[in-house]
Amino acid sequence: MTNSPIVALHGTPAVAGGNAPSEICHSPLAPGGAHVRSVRDEFHGDLLEVSMGPHHPSTHGVFRMIATLDGETIVKLKPVFGYLHRNHEKIGENTTYLGSMPYTDRLDYLCSMTNNWAYALAVEKLAGQPVPERTEYLRVILAELTRLLNHTCLAGFLLQDTGASGTPLMYAFREREKILDLFEALSGSRMMCNYQRFGGCRVDASPEWLEAAKRLADGYNEFLDEYEALITGNEILMARTQGVGVMPRQLAVSAGITGPMLRAAGVDYDIRKVDGYGVYPRFNFRVPLGDHGDTYDRYMIRVLEMRESIEILRQAFAQLPSGPIMDPKAKIRGFKPKPGEAYGRIEGPKGEIGFYLISDGGANPYRYRVRPPSFINLTVLEDMCLGHSIADAVIILGSIDIVLGEVDR
Amino acid sequence: MESLEQIRDRLLSRYPGAELSILNNPSPSAQHSLVVGGSAAREIAAFLRDDPALQLDFCSNVTGVDWPDKEIVETTRTTIPDPAGGPPKLVEQKTKRIQPGYLEVVYHLYSMALKQGPVIIRMRTGNRTDQVTLPSLTPVWRSGEFQEREVFDLFGVVFDGHPDLRRILMWDEFKGHPMRKDYVEPDDYEWEPTPHDEVLAKAKAHYPAPAAPAAPGANAK
């Protein structure tokens with residue numbers, strides 16, 4: 001299937017250098033040493049250290065940044081993690097393979113369906129477990145609904161961070177609630193879905209559910225049009241986000257950035273295309289790429305990705321086969337994969353979510369590791385914030401799209 | 001993409017002294033890995049990143065694995081001829097041997113430029129107590145920065161050459177490495193030394209406790 005992978009973004013004028021004074025933009029790993037401030041003039045005053053969070057509402061949870069400010073300009077920024085740390089991986093080692101499935105919901109609690117899928121995929125790789133076709137389609141449908149949900153929320157939160165109090169966020173949450181209603185109808189829970197199983201899924205989707213989901217997907221473009229009319233061309237949003245938090249392509253690749261953040265920097269890497277897991281190779285969709293790698297591009301990429309998700313959903317509803325949802329040979333009780341290891345990953349809404357499992361032949365994994373996309377995407381937070389004002393740091397953080405349940409684990 | 005054997009052979013021809021071995025993965029995933037030893041790990045990593053046929057520019061996942069000391073019981077069977085002339089006796093002898101444990105760091109590498117992967121490399125420490133230093137690969141792949149910090153925090157592997165090696169998920173005063181298999185949970189998670197404790201200790205030194213106990217209620221918290 002030939003798909004043109006690139007959609008160019010329009011309407012983002014290049015900003016020469018942003019407002020970053022070049023002499024303080026040392027990357028922490030630059031060969032010249034870390035954070036050497038060169039003297040700029042005789043008027044520079046004392047530096048101020050501000051601890052932002054963990055209770056600050058704009059940090060999207062219990063995240064803390066220690067920012068060193070020269071006036072209002074950030075010269076150093078160190079993130080502090082761990083306020084929500086409960087050692088998820090150790091708990092995963094002390095329970096059975098299936099026992100961890102509900103707990104993966106709590107990692108990135110906005111996207112439990114994709115977390116479930118990533119975990120199920122890793123275990124299926126480890127055990128060599130096939131998956132029925134209908135389940136593969138259901139997984140795609142649920143993952144794309146999750147992507148819609150996550151990106152919609154992010155757009156709302158980002159606007160909230162820029163100071164557009166209330167209205168855009170409530171528009172976004174209205175749509176999100178419709179998707180959550182679908183999840184609840186299918187799995188019994190709005191957010192903690194616990195839906196996937198190794199070699200299948202828990203319950204089948206009824207024709208009524210599919211009809212409702214199809215209606216939602218068909219109506220979603222209308223919502224996006226409305227939302228974009230409200231936001232995308234908004235002058236204040238453009239002024240606050242264009243040229244802010246630029247991430248160079250080289251840095252994005254080296255720092256292991258994944259998901260919409262990476263593609264906003266112009267790197268064509270979407271695991272749905274690269275790995276072609278599940279039944280994704282059967283769908284025709286494009287991968288939007290950004291030109292500038294700034295905050296506006298990161299917003300725009302997500303809007304464009306939502307439109308592609310709607311296309312995938314339409315194709316998936318049209319192609320959905322009937323059949324069983326569980327592989328008849330799949331084992332639920334006494335599931336003990338043979339010794340070995342496997343790393344399985346999928347393209348989650350926030351980036352590459354992967355699970356690395358080592359089995360020693362027992363009922364519990366010997367090692368259970370989560371590769372959390374938003375934790376690794378935070379690696380470049382300081383690089384993006386240096387030289388910008390403290391108010392911009394809030395927006396840059398918002399555009400990374402973190403969920404602390406996953407960052408701290 | 002080249003097989004792991006080909007990669008190993010090319011690395012060996014480039015770095016003749018390098019300690020490289022392939023660890024086979026018996027599971028259906030068939031993700032075999034390359035065990036890299038010694039001090040040349042960073043050059044090997046840079047080679048893997050820059051080699052035009054591999055271009056493993058994306059280090060996706062960095063994690064640790066703890067392999068504790070293992071007691072291995074070996075049974076040897078020897079036949080001893082009976083001096084009285086009867087049939088030879090079969091004697092079983094059990095010997096216990098401790099296989100020393102180690103900590104392992106696993107890197108999952110992909111190529112964004114060529115869209116291939118994964119190539120998995122592993123490094124192992126000498127033991128679990130005093131030889132826990134490994135070369136950091138953060139100078140090669142920036143994505144190791146937080147993940148190696150996490151391995152340092154939770155497993156206790158010290159990364160030589162890491163720009164900012166601090167605890168990341170646990171607090172700085174925390175003792176121990178919770179992801180190790182022999183970690184014992186403390187009775188009280190909540191306790192941590194705070195500035196308040198230091199203030200109390202100072203206060204104790206300055207104002208020795210009164211000889212007679214104070215009236216009830218005077219010291220109520």
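A residue is counted as buried if 20 or more other C-beta atoms lie within 10 Å of its own. By this criterion, 31% of the 221 residues of chain B are buried in this predicted model.

It is helpful to begin with the overall layout of chain B. This chain holds 4 helices and 9 strands, and their order along the sequence is α-β-β-α-β-β-β-β-β-β-α-β-α. Of the contacts in chain B between residues at least 6 apart in sequence, 56% link residues at least 24 apart.

Attention now turns to where the two chains meet. Here 39 residues of chain A are in contact with 32 residues of chain B. On the chain B side, the elements that contribute two or more residues are strand S3 (58-67) and helix H3 (144-155). The most comes from S3(B), which gives 6 residues. By residue class, this side of chain B comprises 17 nonpolar, 10 polar and 5 charged residues.

Within chain A, helix H6 invites a closer look. H6(A) covers residues 207-231, 25 residues in all, and spans 36 Å from its first C-alpha to its last, close to the 36 Å expected at 1.5 Å a residue. H6(A) nevertheless carries a kink of about 30°, centred on Gly219(A). Its buried residues are Ala213(A), Ala217(A), Tyr220(A), Leu224(A), Tyr227(A) and Ile231(A). These buried positions of H6(A) pack against four helices of chain A: H4 (133-162), H5 (167-187), H7 (235-241) and H11 (295-319).

Terms used. Residues numbered from 1 in each chain as written. Chains lettered and ligands numbered in written order. Predicted model: local features only at pLDDT ≥ 70, side-chain atom pairs only at ≥ 80, totals over all residues. Expected span 1.5 Å × (residues − 1). Bend = angle between axes of the 7 residues up to and from the residue. Buried ≥ 20, exposed ≤ 12 C-beta atoms within 10 Å, placed from the backbone. Contact = placed C-beta atoms within 7 Å. Nonpolar A, V, L, I, M, F, W, Y, C, P; charged D, E, K, R; others polar.
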